[in-house]
Every structure is written in structure tokens, then in C-alpha cells.
Amino acid sequence: MCWCGAARTVAQTTNVSARTVDADTGDALARATSQLFRIRTRQDGRADTTFVAGTYADAQGHIAFGQLPSGNYLLRLSFLGYKTTEKRFRISGEADLKLGN
């Protein structure tokens with residue numbers, strides 16, 4: 001499973017989108033499950049995650065999360081028969097953010 005995506009900044013928040021596809025064939029993975037977590041560093045230095053949102057990919061494999069504030073995130077994608085993949089990324093006001101290869 002692989003993905004490609006971009007982020008668009010609107011005011012103080014960012015909209016993030018990606019597309020889930022089979023890494024070998026390039027076919028869209030419709031209904032792939034995506035979970036978005038915010039990553040924060042605790043006072044003891046360890047990472048802590050908080051669930052932000054979840055969604056399913058549409059028929060073309062597209063997923064989207066809107067109005068995310070700056071910070072560190074973890075996007076987890078899963079689909080029956082595929083290895084679950086995770087991608088860490090940071091939103092810090094960039095106009096475009098590539099989530100894929």
C-alpha cells in the first residue's frame with residue numbers, strides 16, 4: 001500500500017488529503033481505513049498520541065482531513081490483505097506538503 005498527497009493552508013489551519021493505492025499495480029484502494037493522530041511530546045520526553053479523526057477512502061482511494069492546526073501528526077492506513085502503514089508528518093504553515101513517495 002502506498003499513498004500520495006498534499007496539504008493546503010487556509011488561515012491558521014491546513015487541509016490534508018492523500019490517495020491510497022496498491023504499490024505494485026497503482027490501483028486505488030477504495031474503502032481503505034485511515035486514522036489520524038496528533039503527536040505531542042510529554043514532559044518526560046515520551047511521545048503521546050491523541051486520536052483526531054478517521055475516515056474511509058472513496059472509490060478513487062482519496063482521503064481528506066480538514067482544518068488541522070500546526071503540529072506533528074501520524075496517519076495510519078489499513079486495508080484487508082495489506083500491511084498497515086503509517087506516515088508521520090508536520091504541519092507548520094507550508095502551502096503544500098507531500099505525504100507520499
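1. Asp 22 and its surroundings. In this predicted model, Asp 22 sits in the loop that joins strand E2 to strand E3 (33-41). The residue is buried but takes part in no salt bridge. Arg 19 offers the nearest side chain of opposite charge, and that side chain is 11 Å away. Which groups does the side chain of Asp 22 reach? One is the backbone nitrogen of Asp 24, at 2.7 Å. Another is the side chain of Tyr 82, with which Asp 22 makes a polar contact of 2.6 Å. The note on this acidic residue is therefore that it is buried, at under 20% relative accessible area, without a salt bridge, while its side chain has polar partners in Asp 24 and Tyr 82.

2. Val 21, the preceding position. Val 21 belongs to strand E2. Its relative accessible area is 9%, so Val 21 counts as buried. The C-alpha atom of Val 21 lies 6.5 Å from that of Gly 61, although 40 residues separate the two in sequence.

3. Arg 31, in the loop of Asp 22. The loop between E2 and E3 also holds Arg 31. Arg 31 is not a glycine, yet its phi is positive, at about 70 degrees. Most residues other than glycine have a negative phi. Is Arg 31 buried or exposed? With a relative accessible area of 54%, Arg 31 is exposed.

4. Gln 67, a second positive phi. Gln 67 is likewise a residue other than glycine with a positive phi, here near 55 degrees. Its place is in strand E5, whereas Arg 31 is in a loop. Gln 67 is exposed, its relative accessible area being 61%. A reviewer may wish to view the backbone at Arg 31 and at Gln 67.

5. Overall architecture. The chain contains 7 strands and 0 helices, and its elements run β-β-β-β-β-β-β from the N terminus on. Of its 101 residues, 33% count as buried. How much of the contact set with a separation of 6 or more comes from residues 24 or more positions apart? Such pairs account for 52% of those contacts.

6. The largest nonpolar core. This core has 14 residues. The members that touch the most other members are Leu 36, Ile 63, Leu 68, Leu 75 and Phe 89. Two or more residues each come from strand E2 (13-21), strand E5 (62-68), strand E6 (71-78) and strand E7 (85-91). In soluble globular proteins, nonpolar side chains tend to be buried together.

7. Contacts of Ile 63. Leaving aside residues up to four places away in sequence, Ile 63 touches Val 16, Ser 17, Ala 18, Ser 34, Thr 55, Tyr 56, Ala 57, Leu 75 and Leu 77. One of these partners, Leu 75, is itself named among the core members that touch the most others.

8. Gln 35 on strand E3. Gln 35 lies in strand E3 and is partly exposed, with a relative accessible area of 28%. Its contacts, again without residues up to four places away in sequence, are Phe 51, Ala 53, Gly 54, Leu 74, Leu 75 and Arg 76. For one of these partners, Leu 74, the C-alpha atom is separated from that of Gln 35 by 8.2 Å, at 39 residues along the chain.

9. Aromatic pairs. The structure has 3 aromatic pairs. Phe 37 and Phe 51 form an edge-to-face pair, because their planes stand at 70 degrees, with ring centres 5.7 Å apart. Phe 37 is in strand E3 and Phe 51 in strand E4 (residues 47-56), so this pair ties together parts 14 residues apart in sequence. Phe 37 has a relative accessible area of 11% and is therefore buried.

10. Salt bridges. How many salt bridges does a search of the whole structure find? The search finds 2. In one, Arg 76 and Glu 86 meet through their side chains at 2.7 Å, N to O. This pair links distant parts of the chain, with Arg 76 in strand E6 and Glu 86 in strand E7, 10 residues apart. Arg 76 is partly exposed at 26% relative accessible area, and Glu 86 is partly exposed at 46%. Arg 42 forms a salt bridge with Asp 44, where the closest N and O atoms are 2.8 Å apart. Arg 42 counts as partly exposed, at 34% relative accessibility.

Note on methods: Residues are numbered from 1 along each chain as its sequence is written. This is a predicted model: local features need pLDDT of at least 70, side-chain atom pairs count only at pLDDT 80 or more; totals for chains, interfaces and linings use all residues. Side-chain values use heavy atoms; hydrogens and water are left out. A nonpolar core is a set of buried Ala, Val, Leu, Ile, Met, Phe, Trp, Tyr and Cys residues joined through side-chain atoms within 4.5 Å. Buried means under 20% relative accessible area, exposed over 50%, partly exposed in between (1.4 Å probe, protein chains only). Helices (H or I, at least four residues) and strands (E, at least two) are DSSP runs, numbered from the N terminus. Contact means heavy atoms within 4.5 Å. Lys and Arg count as positive and Asp and Glu as negative; His and the chain ends are not counted. A salt bridge is a side-chain nitrogen of Lys or Arg within 4 Å of a carboxyl oxygen of Asp or Glu. A polar contact is a pair of N or O atoms within 3.5 Å; within protein, one must be able to donate a hydrogen and the other to accept it, and residues adjacent in sequence count only if both atoms are side-chain atoms. Rings of Phe, Tyr and Trp (its six-membered ring) pair if their centres lie within 6.5 Å; planes under 30 degrees apart count as stacked, over 60 as edge-to-face and the rest as tilted.
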